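Here are some friendly notes to read alongside the structure. Please keep the 3D view open and turn it as you go through the points.

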Amino acid sequence: MIDLHMEVLMHERLAEIMDYLERKREELLRSFADVSPEPMRRRVSDEAWSVAEIIDHLRLVESSVAQLLSKRARDARERGVGDEQSTDSVLNSLDHLAIEADNTFMEAPSIVRPRPYVDVGDAIAGLDESRKALRAAAEAAAGLALGEIKQKHYAFGELDLYQWLVFMGQHEGRHTRQIKRTLNATRAGDASLTHR
């Protein structure tokens with residue numbers, strides 16, 4: 001959860017999304033809590049990412065979104081984009097795309113592909129740093145009408161900055177499920193080896 005100080009500084013639309021992102025992060029961290037590094041380094045197949053690689057991918061995505069939010073909000077302030085007036089929730093604004101993304105394999109663009117066989121500790125530390133960068137970008141963007149600031153997504157078309165943040169939370173949720181499947185598959189592989 002975001003701290004009270006951060007909530008006070010933010011418009012309620014952005015605060016709601018940041019709270020959503022913190023809940024998604026907690027779910028992610030729980031998905032591999034108490035798992036030793038060895039299973040997190042394993043790939044289920046040559047084409048699949050290991051848990052450590054998934055975490056590294058999430059770090060790259062979050063870092064990119066933090067940079068996008070920071071740059072576009074700064075540019076918008078310079079252009080005179082006004083303060084946020086609406087208090088309507090935007091959390092469900094991408095539900096239609098979430099269903100599509102859940103049922104479609106999408107290859108990650110090269111800029112957010114993880115480092116092959118990344119160290120687990122490095123990946124987790126990087127994820128912590130990317131979240132700090134995102135929080136700082138959100139604080140800097142606080143108060144702006146982020147729904148008026150658009151940026152094209154490679155697969156989903158034009159999204160406003162609120163939607164970019166919602167996308168990131170949904171994306172992290174999909175990869176949390178992928179981590180659980182990956183860990184289950186590596187455990188099943190271990191069990192089949194012991195039963196031979």
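1. Let us begin with one residue, Tyr-117. At 57% relative accessibility, Tyr-117 counts as exposed, because the cut-off for that word is over 50%. You will find Tyr-117 in the loop between α5 and α6. Its backbone deserves a look too: phi of Tyr-117 is near 55 degrees, a positive value in a residue other than glycine. Please keep in mind throughout that this is a predicted model.

2. Asp-34 makes a good companion case. Its phi is also positive, near 65 degrees, and Asp-34 is not a glycine. Asp-34 sits in the loop between α2 and α3, the latter covering residues 37–41. With a relative accessible area of 85%, Asp-34 is exposed.

3. Now step back to the whole chain. The protein has seven helices and two strands. Read from the N terminus, the order of the elements is α-α-α-α-α-α-β-β-α. Of its 196 residues, 47% count as buried. How much of the contact list joins residues 24 or more positions apart? Among contacts with a separation of 6 or more, such pairs account for 80%.

4. Next, try helix α4, which runs over residues 51–79. The 29 residues of α4 reach 42 Å from the first C-alpha to the last, close to the 42 Å expected at 1.5 Å a residue. After α4 comes Gly-80, with a positive phi near 90 degrees.

5. The loop between α4 and α5 (95–102) holds Asp-88. Is Asp-88 buried or exposed? Asp-88 is exposed, its relative accessible area being 52%. Asp-88 and Glu-12 are 76 residues apart in sequence, yet their C-alpha atoms are 9.0 Å apart in space.

6. Helix α6 (residues 120–141) lets you repeat the length check. Its 22 residues should span 32 Å at 1.5 Å a residue, and the end C-alpha atoms are 32 Å apart, so the two agree. Look at both ends as well. At the start of α6, a side-chain oxygen of Asp-119 comes to within 3.0 Å of the backbone nitrogen of Gly-121. Following α6 is Gly-143, which has a positive phi near 95 degrees.

7. Which residues of α6 are buried? They are Val-120, Ala-123, Gly-126, Leu-127, Ser-130, Arg-131, Leu-134, Ala-137, Ala-138 and Ala-141. These residues cover an arc of only 145 degrees around the axis, which means that they lie on the same side of α6. A general rule helps here: an α-helix has 3.6 residues a turn, so residues three or four places apart point the same way.

8. Ser-130 is a residue of helix α6 worth zooming in on. Why does Ser-130 count as buried? Its relative accessibility is 2%, and buried means under 20%. A polar atom of the Ser-130 side chain lies 2.9 Å from the backbone oxygen of Leu-127. Leaving aside neighbours within four places in sequence, Ser-130 is in contact with Arg-59, Glu-62 and Ser-63.

9. Turn now to the nonpolar interior. The largest nonpolar core has 40 residues, and those touching the most other members are Leu-14, Ile-17, Leu-21, Leu-69, Leu-134, Leu-146 and Leu-165. Two or more core residues come from each of α2 (12–31), α4, α6 and α7 (161–194). The largest share, eight residues, belongs to α4. As a general background, nonpolar side chains tend to be buried together in soluble globular proteins.

10. To see that packing up close, pick Leu-69. Not counting residues up to four places away in sequence, Leu-69 touches Ala-137, Ala-138, Ala-141, Leu-146, Leu-161 and Leu-165. There is also a second, separate core of 15 residues, including Met-40, Leu-58, Val-118 and Ile-179.

11. Finally, find the two strands. β1 (residues 150–153) and β2 (residues 157–160) pair in the antiparallel sense over four bridges. How many residues lie between β1 and β2 in their hairpin? There are three. As one pair to locate on screen, Gln-151 has Leu-159 in β2 as its bridge partner.

Notes
Residues are numbered from 1 along each chain as its sequence is written. This is a predicted model: local features need pLDDT of at least 70, side-chain atom pairs count only at pLDDT 80 or more; totals for chains, interfaces and linings use all residues. Side-chain values use heavy atoms; hydrogens and water are left out. The expected span of a helix is 1.5 Å times one less than its number of residues. Buried means under 20% relative accessible area, exposed over 50%, partly exposed in between (1.4 Å probe, protein chains only). The arc is that of the directions from the helix axis to the C-beta atoms. A polar contact is a pair of N or O atoms within 3.5 Å; within protein, one must be able to donate a hydrogen and the other to accept it, and residues adjacent in sequence count only if both atoms are side-chain atoms. A nonpolar core is a set of buried Ala, Val, Leu, Ile, Met, Phe, Trp, Tyr and Cys residues joined through side-chain atoms within 4.5 Å. Contact means heavy atoms within 4.5 Å. Two strands pair if DSSP finds at least two bridges between them.
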